[in-house]
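Colleague: Could you walk me through the reasoning behind some of the labels here? I'd like to see each value set against its cut-off.

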Amino acid sequence: MRKFGGSLFGVSLLLSVLLAAATAAAEYYNYGSALDKTFLFFEAQRSGKLPAAQRVKWRGPSGLKDGLAQGVSLEGGYYDAGDHVKFGLPMAFAVTMLSWAAVDNRKELSSSNQMQQTLWSIRWGTDYFIKAHPQPNVLWGQVGDGESDHYCWERPEDMTTSRTAYKLDPYHPGSDLAGETAAALAAASLAFKPFNSSYSALLLSHAKELFSFADKYRGLYTNSIPNAKAFYMSSGYSDELLWAAAWLHRATGDQYYLKYAMDNSGYMGGTGWGVKEFSWDNKYAGVQILLSKILLEGKGGIYTSTLKQYQTKADYFACACLKKNGGYNIQTTPGGLMYVREWNNLQYASAAAYLLAVYSDYLSAANAKLNCPDGLVQPQGLLDFARSQADYILGKNRQGMSYVVGYGPKYPIRVHHRGSSIPSIFAQRSSVSCVQGFDSWYRRSQGDPNVIYGALVGGPDENDNYSDDRSNYEQSEPTLSGTAPLVGLFAKLYGGSLGSYGGGSYKPYETTKPAASSYKATPTTYSPKQSGAQIEFLHSITSNWIAGNTRYYRHKVIIKNNSQKPISDLKLKIEDLSGPIWGLNPTGQKYTYQLPQWQKTLRAGQAYDFVYVQGGPQAKVSVLSYN
């Protein structure tokens with residue numbers, strides 16, 4: 001092989017090669033930019049009335065009357081994919097994955113200034129789930145008819161198809177759907193706990209009820225909602241029951257849920273199934289890795305033996321992905337992409353990649369290794385595989401194409417997505433009818449007029465071939481369940497790549513200044529610089545009940561003086577209060593309350609509490625003044 005000499009030509013050529021390599025690497029490894037874009041996909045999928053801080057400006061309000069025909073408000077939530085059906089099972093799985101990222105990758109999301117966006121993405125789903133769960137043993141599991149929806153090509157703002165809502169109840173059970181929704185709400189309660197303790201408690205209350213409903217009234221949700229069979233057919237519900245129990249144990253620390261997962265480990269397949277897939281339908285690998293964390297932390301106790309069986313199956317999944325499983329391995333494309341099945345394969349690759357990144361962290365924290373039939377593997381090996389899948393997705397493939405829309409110089413421009421393929425309702429105000437959408441927009445060869453940033457399309461086939469064709473829905477349609485795992489995956493890789501090429505260099509997408517009322521991911525603490533005092537509010541829900549068609553909550557707020565000196569004449573501003581309040585006196589000014597006369601002063605370290613009752617989330621409590 002010819003070596004480079006000292007000539008100017010040789011040096012110039014070497015610099016060119018290195019520059020090209022660095023540019024390519026930066027493109028593949030700009031995880032911060034890719035992370036930022038994924039949140040835009042969730043904004044584009046929003047149903048209901050859109051907030052003022054909405055960044056995807058080509059979308060408008062839609063589905064505002066969802067559920068009203070059935071006597072329930074089901075406004076909100078997410079459209080599933082390129083259609084306008086709100087399918088409960090994949091939506092709940094997506095929220096679980098977003099919440100897992102918020103819990104396990106809090107540091108990385110905070111360092112990239114994306115925790116607020118993560119919580120907003122989660123809350124758009126959890127607020128909907130709260131509405132969909134109006135009674136302990138009722139869960140509205142779907143809005144929209146998949147059959148009629150797929151016969152039309154129209155914007156969500158123009159929808160003319162059926163918006164029938166379908167529910168689960170004791171006579172129409174759905175343990176898989178109710179279990180996954182319980183898991184999503186339990187995981188979300190952990191995500192919100194450091195930032196909004198009252199909302200966290202609200203989510204946990206719904207999660208517990210849904211788990212009880214799922215366990216007591218067992219059955220496949222697709223038997224109760226036959227309309228979902230052609231789109232999201234469930235293969236069983238045992239994994240979702242174990243999945244929900246695992247998340248509820250992590251969220252509560254209650255041994256009841258751990259005992260449930262241990263007692264049912266064999267019967268429900270938790271310690272019996274060795275799988276090579278993790279998806280909206282199959283949660284076994286997720287259960288096995290989540291429960292292995294307990295063992296790795298040395299907290300197995302009387303359940304150590306059963307937890308070891310769970311970890312054996314967790315190792316089976318991880319070893320299969322690394323192709324070190326004694327021949328029982330995953331299939332990969334020639335380019336190295338995990339390949340599970342023809343339809344929307346990237347959703348399986350993204351979910352598996354994030355799961356392995358999580359397991360890598362759990363093993364690293366315990367200073368443990370992965371024990372495979374073909375040898376021991378360091379935790380870094382799992383993260384390396386996860387990175388290989390992320391890099392493939394972002395463009396390190398034979399097509400040189402990013403399968404995340406809007407990322408990099410080359411990405412799909414003919415996405416199988418109704419809203420992005422038709423001009424915005426703000427650009428073309430006349431409605432687009434069902435058939436007109438097919439004739440004028442679905443079949444056109446040009447790229448989509450609206451770029452659906454952050455959407456992960458279905459991806460290439462088993463030979464790394466991809467056809468950028470709107471009608472090729474197996475490859476060109478994005479989904480909630482495929483895109484959601486990318487948040488945790490990109491966050492993890494972003495945190496690990498800071499200081500290397502491209503890792504921390506990106507410009508967040510922003511078309512308008514966020515509204516002042518937008519959610520702030522900060523603790524509820526008041527600390528004015530001029531006094532050095534610190535007043536903290538600790539919110540909790542102590543009970544809830546149903547009266548009529550409304551669920552009411554008893555909110556308790558503890559006011560704590562964390563400073564080194566007393567404070568007096570404290571005045572509070574309480575907004576969004578719709579019910580009665582006890583423990584505070586009104587001042588006569590709007591929204592303004594004060595402590596009772598007998599408690600005019602809070603000593604250093606002293607606490608005082610008040611309560612109020614209302615339907616829905618907590619009121620907003622802040623400090624107006626004090627001495």
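Modeller: Happy to. In this predicted model, Asn561 sits in strand β10, residues 550-561.

Colleague: UniProt lists Asn561 for "glycosylation site", along with Asn196 and Asn465. Why is Asn561 called buried?

Modeller: The relative accessible area of Asn561 is 0%. Buried means under 20%, so Asn561 counts as buried. Its contacts, leaving aside neighbours within four places in sequence, include Gln534, Pro566 and Leu602.

Colleague: What makes the approach of Asn561 to Arg603 a polar contact?

Modeller: A polar atom of the Asn561 side chain lies 3.2 Å from the backbone oxygen of Arg603. The cut-off is within 3.5 Å, and 3.2 Å satisfies that distance limit.

Colleague: And why is Asn465 called partly exposed?

Modeller: Asn465 has a relative accessible area of 32%. Partly exposed lies between the 20% and 50% limits, so Asn465 belongs there. Asn465 is placed in the loop between α17 (434-442) and α18 (473-476).

Colleague: How do you know that Glu180 and Lys283 form a salt bridge?

Modeller: Their closest N and O atoms are 2.6 Å apart. The limit is within 4 Å, so the pair qualifies. This pair links distant parts of the chain, 103 residues apart: Glu180 is in helix α7, and Lys283 in the loop between α11 and α12.

Colleague: Are those two buried or exposed?

Modeller: Glu180 is buried at 0% relative accessible area, and Lys283 is also buried at 0%. Both values fall under the 20% cut-off.

Definitions and conventions:
Residues are numbered from 1 along each chain as its sequence is written. This is a predicted model: local features need pLDDT of at least 70, side-chain atom pairs count only at pLDDT 80 or more; totals for chains, interfaces and linings use all residues. Side-chain values use heavy atoms; hydrogens and water are left out. UniProt positions are given in the numbering used here, feature names are shortened, and annotations may be inferred rather than shown by experiment. Helices (H or I, at least four residues) and strands (E, at least two) are DSSP runs, numbered from the N terminus. Buried means under 20% relative accessible area, exposed over 50%, partly exposed in between (1.4 Å probe, protein chains only). Contact means heavy atoms within 4.5 Å. A polar contact is a pair of N or O atoms within 3.5 Å; within protein, one must be able to donate a hydrogen and the other to accept it, and residues adjacent in sequence count only if both atoms are side-chain atoms. A salt bridge is a side-chain nitrogen of Lys or Arg within 4 Å of a carboxyl oxygen of Asp or Glu.
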